[in-house]
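Q: I am new to this structure and would like to get to know one part of it well. Please pick a single part, look at it closely with me, and explain how it fits in with the rest.

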Amino acid sequence: MSLGYILVSVTNLYTFLVFVYCIFSWFPIPRDGIMADINAFLGKVCDPFLDIFRKIVPSIGGAVDISPIIAILALQLVVGFLARFL
């Protein structure tokens, strides 16, 4: 396995986690139980990265947060660029 392949695979997994975290944000999550635990884990993993883009990209109409889309695109572009050199 090359370093580029590993980098792309980890990035794809992280992109999936961000996507699932965004889907979770559309639904009410109970405060206890397995769904709350999954949501808390995803928040700890995804929020530090997404917060960078939330500071830069304003919400549309105050309700629609497009920062995850921008974050995923930026991540994919940077990793795609790096993977070509590895």
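A: Let us take helix 1 as our part, starting with the whole chain and then following this helix to its neighbours.

Please keep in mind that this is a predicted model. The chain has 86 residues, and 27% of them are buried. It holds 3 helices and 0 strands, so its order from the N terminus is simply α-α-α. The C-alpha trace spans about 45 × 30 × 15 Å along its principal axes. If we look at contacts between residues at least 6 apart in sequence, 52% of them link residues that are at least 24 apart.

Now to helix 1 and its place in the nonpolar core. The largest core of this kind has 14 residues, and the members that touch the most others are Tyr 14, Val 18, Tyr 21, Leu 42, Cys 46 and Leu 50. At least two core residues come from each of helix 1 (3–24), helix 2 (34–56) and helix 3 (67–85). Helix 1 gives the largest share of this core, with 7 residues.

Next, how does helix 1 meet each of its partners? Two packed helices are described by the angle between their axes and by the distance between those axes.

We can begin with helix 2. The axes of helix 1 and helix 2 cross at roughly 110° and come within 9 Å. An angle between 65 and 115 degrees counts as roughly perpendicular, and therefore helix 1 is described as roughly perpendicular to helix 2. On the helix 1 side, the contact is made by Tyr 14, Leu 17, Val 18, Val 20, Tyr 21 and Phe 24. Helix 2 brings a list that includes Met 35, Ile 38, Leu 42, Cys 46, Phe 49, Leu 50 and Arg 54. Taken together, the residues of this contact are 13 nonpolar, 2 polar and 2 charged.

Leu 42 is a good residue to zoom in on here. Leaving out residues up to four places away in sequence, Leu 42 touches Leu 17, Val 20, Tyr 21, Phe 24 and Asp 47.

Turn now to helix 3, the other partner of helix 1. Helix 1 and helix 3 pack with their axes 10 Å apart, at an angle of about 175°. Since angles over 145 degrees count as roughly antiparallel, helix 1 is roughly antiparallel to helix 3. Gly 4, Leu 7, Val 8, Thr 11, Asn 12, Tyr 14, Thr 15, Val 18 and Cys 22 of helix 1 meet Pro 68, Ile 72, Leu 75, Gln 76, Val 79, Leu 82 and Ala 83 of helix 3. This contact divides into 11 nonpolar residues, 5 polar ones and no charged ones.

One residue worth pausing at is Thr 15, which lies in helix 1. Its relative accessibility is 15%, and because buried means under 20%, Thr 15 counts as buried. Apart from neighbours within four places in sequence, Thr 15 is in contact with Ile 72, Leu 75 and Gln 76. Asp 37 is 22 residues from Thr 15 along the chain, and their C-alpha atoms are separated by 19 Å.

For contrast, look at Ile 69 in helix 3. With a relative accessibility of 51%, Ile 69 counts as exposed, since the limit for that word is over 50%. The C-alpha atoms of Ile 69 and Ile 38 are 21 Å apart, with their positions 31 residues apart along the chain.

To complete the picture, we can see how the two partners of helix 1 meet each other. The axes of helix 2 and helix 3 are 9 Å apart, at an angle of about 110°, and this pair is therefore roughly perpendicular. Their crossing is right-handed. In this contact, Phe 49, Leu 50, Phe 53 and Arg 54 of helix 2 meet Ser 67, Pro 68, Ile 70, Ala 71, Ala 74 and Leu 75 of helix 3. The residues here are 8 nonpolar, 1 polar and 1 charged.

Notes: Residues numbered from 1 in each chain as written. Predicted model: local features only at pLDDT ≥ 70, side-chain atom pairs only at ≥ 80, totals over all residues. Heavy atoms only, no water. Core = buried A, V, L, I, M, F, W, Y, C linked by side-chain atoms within 4.5 Å. Buried < 20%, exposed > 50% of the residue type's maximum accessible area, 1.4 Å probe, protein only. Helix = DSSP H or I, 4+ residues; strand = E, 2+ residues; numbered from the N terminus. Contact = heavy atoms within 4.5 Å. Axes fitted to C-alpha atoms, helices over the stretch in contact; angles between N-to-C directions. Parallel < 35°, antiparallel > 145°, perpendicular 65-115°, else oblique. Left-handed = near helix turned anticlockwise from the far one by under 90°. Nonpolar A, V, L, I, M, F, W, Y, C, P; charged D, E, K, R; others polar.
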